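I set out to record how the strands pair in this model and what lies between its chains. The entries follow the order in which I looked things up.

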There are 4 protein chains.
Amino acid sequence: MNASETGIKPRYIFERKIFFGDCDLLGIAFTGRITNFVLEAIESFWDDLLSGRGWLFLLTERNTAMPFVSMDLEFHAPVKAGAHLACEVYVVHVGESSVGLKVVGRQHDLICFECETKSVFRDASTFGKVKIESSIRQTLLAEMGSKIQTVG
Amino acid sequence: MNASETGIKPRYIFERKIFFGDCDLLGIAFTGRITNFVLEAIESFWDDLLSGRGWLFLLTERNTAMPFVSMDLEFHAPVKAGAHLACEVYVVHVGESSVGLKVVGRQHDLICFECETKSVFRDASTFGKVKIESSIRQTLLAEMGSKIQTVG
Amino acid sequence: MNASETGIKPRYIFERKIFFGDCDLLGIAFTGRITNFVLEAIESFWDDLLSGRGWLFLLTERNTAMPFVSMDLEFHAPVKAGAHLACEVYVVHVGESSVGLKVVGRQHDLICFECETKSVFRDASTFGKVKIESSIRQTLLAEMGSKIQTVG
Amino acid sequence: MNASETGIKPRYIFERKIFFGDCDLLGIAFTGRITNFVLEAIESFWDDLLSGRGWLFLLTERNTAMPFVSMDLEFHAPVKAGAHLACEVYVVHVGESSVGLKVVGRQHDLICFECETKSVFRDASTFGKVKIESSIRQTLLAEMGSKIQTVG
């Protein structure tokens with residue numbers, strides 16, 4: 001079941017051109033590039049969600065990093081050159097220190113890939129686990145709640 | 001349970017330097033680079049297993065591609081700059097058309113990440129599933145068998 | 001003398017976010033990423049100039065490639081994370097088979113880098129030099145002419 | 001005139017496999033990847049020259065960075081997949097604060113590209129120019145001298 005079938009509206013849609021240099025001999029995006037598209041989408045999502053105070057701000061101003069614990073990718077269809085890619089980002093889990101995001105990559109109506117990630121908030125110096133700042137956690141929880149409502 | 005605990009010897013070990021350009025603000029390899037290390041290790045594994053007749057040969061001479069169906073990554077410890085990374089590659093599944101590989105990334109004795117992948121052999125023109133060439137399949141099965149023996 | 005000082009209007013401006021993964025330990029875009037920004041800008045320029053019939057179209061539909069002969073980069077100021085980069089693209093040379101483009105990368109009013117490139121149109125199979133298709137050459141020449149007019 | 005014609009022995013040769021993911025639709029290394037090969041070669045050169053105390057050490061232990069001022073690339077022949085690339089690194093200029101390196105990329109006997117770079121030693125915090133540490137400068141000058149001797 002994909003996100004659109006559930007009627008859940010994505011939190012955020014990140015769009016990018018697929019460049020010539022993203023593609024391999026087959027004329028499709030190389031797998032190693034796809035993981036980078038996912039990361040671009042997630043970084044953009046955080047900046048959107050936190051009004052520009054995403055990864056970079058948290059690291060440089062709060063000494064907080066949120067490295068990935070896991071990243072599970074399923075590839076459904078090749079990402080083709082010469083067409084845009086839209087990556088929908090969903091909040092799927094909010095813990096005390098951890099957050100789960102899902103990224104769904106589409107070209108037109110076709111789902112090309114899905115990726116579920118889990119990240120943990122850490123002190124950037126000690127790399128010890130830290131609690132998610134309360135205001136960020138509330139924002140994330142609100143995101144999750146809003147998605148229980150179906151569109152139709 | 002990691003590979004070394006089972007006493008299974010890896011099929012192949014791919015080594016690479018971690019370059020300055022692989023690392024982010026934290027001085028550790030960026031997650032998007034890690035997925036590329038996994039892909040370099042897998043490409044090198046195929047060339048080693050098939051005596052240089054890996055991805056490139058199969059595509060250009062046999063019109064066969066083996067795109068990934070899934071890639072599940074677990075990150076255990078940061079990959080640090082200034083140290084080599086060793087990626088062990090294991091054959092964990094051999095189907096009629098599909099193959100499962102596991103890559104374990106280490107720096108010294110520390111496991112930094114593990115990645116399980118599944119790929120399907122496809123006709124590079126039609127992208128239809130094809131059976132794995134018999135000689136390749138035998139080689140893969142022999143790899144799996146050899147690993148059932150524990151070292152100790 | 002930079003482009004803005006001459007009053008020449010750029011043909012095309014390509015904008016992109018500088019991602020966390022583009023940056024190194026210093027928090028600035030790694031040099032190897034900057035060359036990729038230049039290439040993204042040039043690919044986008046061609047698609048804009050030729051109404052979507054740029055690199056990919058020429059290669060797959062006309063069997064024409066335009067590999068680079070040279071790429072001269074000057075770095076004036078670091079490209080910083082957390083700010084957009086604007087790459088202006090100018091046509092600076094049009095030969096029978098070759099084209100020269102200049103890319104100027106800015107963040108806000110600061111010129112971060114300049115890159116002059118030369119490419120040659122080639123048959124993608126034989127890699128022999130080919131003449132630039134007449135309509136494309138006219139378009140390029142018109143671009144050059146239009147830039148002799150100063151803005152002020 | 002290429003390096004081998006002068007009979008100058010390279011200071012250092014960096015070798016790497018050309019991976020599938022380095023190559024584009026034409027089956028040759030994408031230009032943006034080539035600039036990264038140059039950077040890998042230069043980083044490896046410094047670590048070799050300074051016994052492991054290259055870019056990373058200078059930055060983290062001496063607070064010294066050596067960002068590029070310029071990078072001039074000439075592409076002579078495509079870098080092909082399925083063959084190793086050897087990058088020769090030469091010291092071509094040593095100033096008070098600046099150093100010029102030349103990288104020549106070959107596959108077998110064919111020169112694929114040449115790149116001349118200039119870098120300036122800078123304080124990593126203020127980004128102000130600093131003098132090259134005396135022992136490093138002597139090592140660089142010795143390198144230049146050794147290359148005036150021709151082989152034949």
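**Entry 1. A hairpin pair in chain D.** The model is predicted, and I began with a single strand pair. Strand 4 (residues 84–94) of chain D is joined to strand 5 (residues 98–107) of chain D by eight bridges, and the two run antiparallel. To fix the register I looked up one bridge: His93(D) stands opposite Gly100(D) in strand 5 of chain D.

**Entry 2. The sheet that holds this pair.** I then asked in what order the strands of the open sheet follow one another. There are ten, in the order 1(C)-4(C)-5(C)-6(C)-3(C)-3(D)-6(D)-5(D)-4(D)-1(D), with antiparallel pairing. Strand 1 (12–17) of chain C and strand 1 of chain D are the edge strands, each of them paired on one side only. From one strand to the next I noted an average twist of 20°.

**Entry 3. Register within chain C and across to chain D.** In chain C, I looked up strand 3 (residues 68–75) and strand 6 (residues 110–120), which pair in the antiparallel sense over seven bridges. The bridge partner of Asp72(C) in strand 6 of chain C is Glu116(C). Strand 3 of chain C also pairs with strand 3 (residues 68–75) of chain D, again in the antiparallel sense, over five bridges. At this junction Met71(C) has Leu73(D), in strand 3 of chain D, as its bridge partner. I add one general remark for reading these registers: side chains in a regular strand alternate between the two faces of the sheet.

**Entry 4. The sheet of chains A and B.** I turned to the other two chains and found an open sheet of ten strands in the order 1(A)-4(A)-5(A)-6(A)-3(A)-3(B)-6(B)-5(B)-4(B)-1(B), with antiparallel pairing. Its edges are strand 1 (12–17) of chain A and strand 1 (12–17) of chain B, each pairing on one side only. The twist here averages 20° from one strand to the next.

Within chain A, I recorded ten bridges between strand 5 (residues 98–107) and strand 6 (residues 110–120), which pair in the antiparallel sense. One position in this pair is Arg106(A), which stands opposite Ile111(A) in strand 6 of chain A. Where the chains join, strand 3 of chain A and strand 3 (residues 68–75) of chain B run antiparallel and share five bridges. There Leu73(A) stands opposite Met71(B) in strand 3 of chain B.

**Entry 5. The interface of chains A and B.** How many residues of chain A are in contact with chain B? I found 25 residues of chain A in contact with 25 residues of chain B. The area buried between chain A and chain B is about 1,900 Å², and carbon and sulfur atoms give 75% of it. Leu26(A), Met71(A) and Phe75(A) supply 22% of the area that chain A buries against chain B, more than any other three residues.

I next checked the polar side of this interface. The rule finds zero salt bridges across the interface of chain A and chain B, while seven residue pairs are in polar contact. On the side of chain A that touches chain B, the elements giving two or more residues are helix 2 (31–49), helix 3 (55–62) and strand 3 (68–75) of chain A. Strand 3 of chain A gives the largest share, eight residues. By class I counted 17 nonpolar, six polar and two charged residues on that side of chain A.

**Entry 6. The interface of chains D and B.** Here 15 residues of chain D are in contact with 15 residues of chain B. I noted a buried area of about 1,200 Å² between chain D and chain B, of which carbon and sulfur atoms give 67%.

How many salt bridges does the rule find across the interface of chain D and chain B? It finds two. I looked up the one between the side chains of Asp47(B) and Lys17(D), which meet at 2.7 Å, N to O. The count of residue pairs in polar contact between chain D and chain B is four.

The side of chain D that touches chain B draws two or more residues from each of strand 1 (12–17), helix 2 (31–49) and helix 3 (55–62) of chain D. Helix 2 of chain D gives the most, with four residues. By class, that side of chain D divides into eight nonpolar, three polar and four charged residues.

Conventions:
Residues numbered from 1 in each chain as written. Chains lettered and ligands numbered in written order. Predicted model: local features only at pLDDT ≥ 70, side-chain atom pairs only at ≥ 80, totals over all residues. Heavy atoms only, no water. Pairing = 2+ DSSP bridges. Axes fitted to C-alpha atoms, helices over the stretch in contact; angles between N-to-C directions. Contact = heavy atoms within 4.5 Å. Buried area = accessible area lost by both parts, 1.4 Å probe. Salt bridge = Lys/Arg side-chain N within 4 Å of Asp/Glu carboxyl O. Polar contact = N/O pair within 3.5 Å; in protein donor to acceptor, adjacent residues only side chain to side chain. Nonpolar A, V, L, I, M, F, W, Y, C, P; charged D, E, K, R; others polar.
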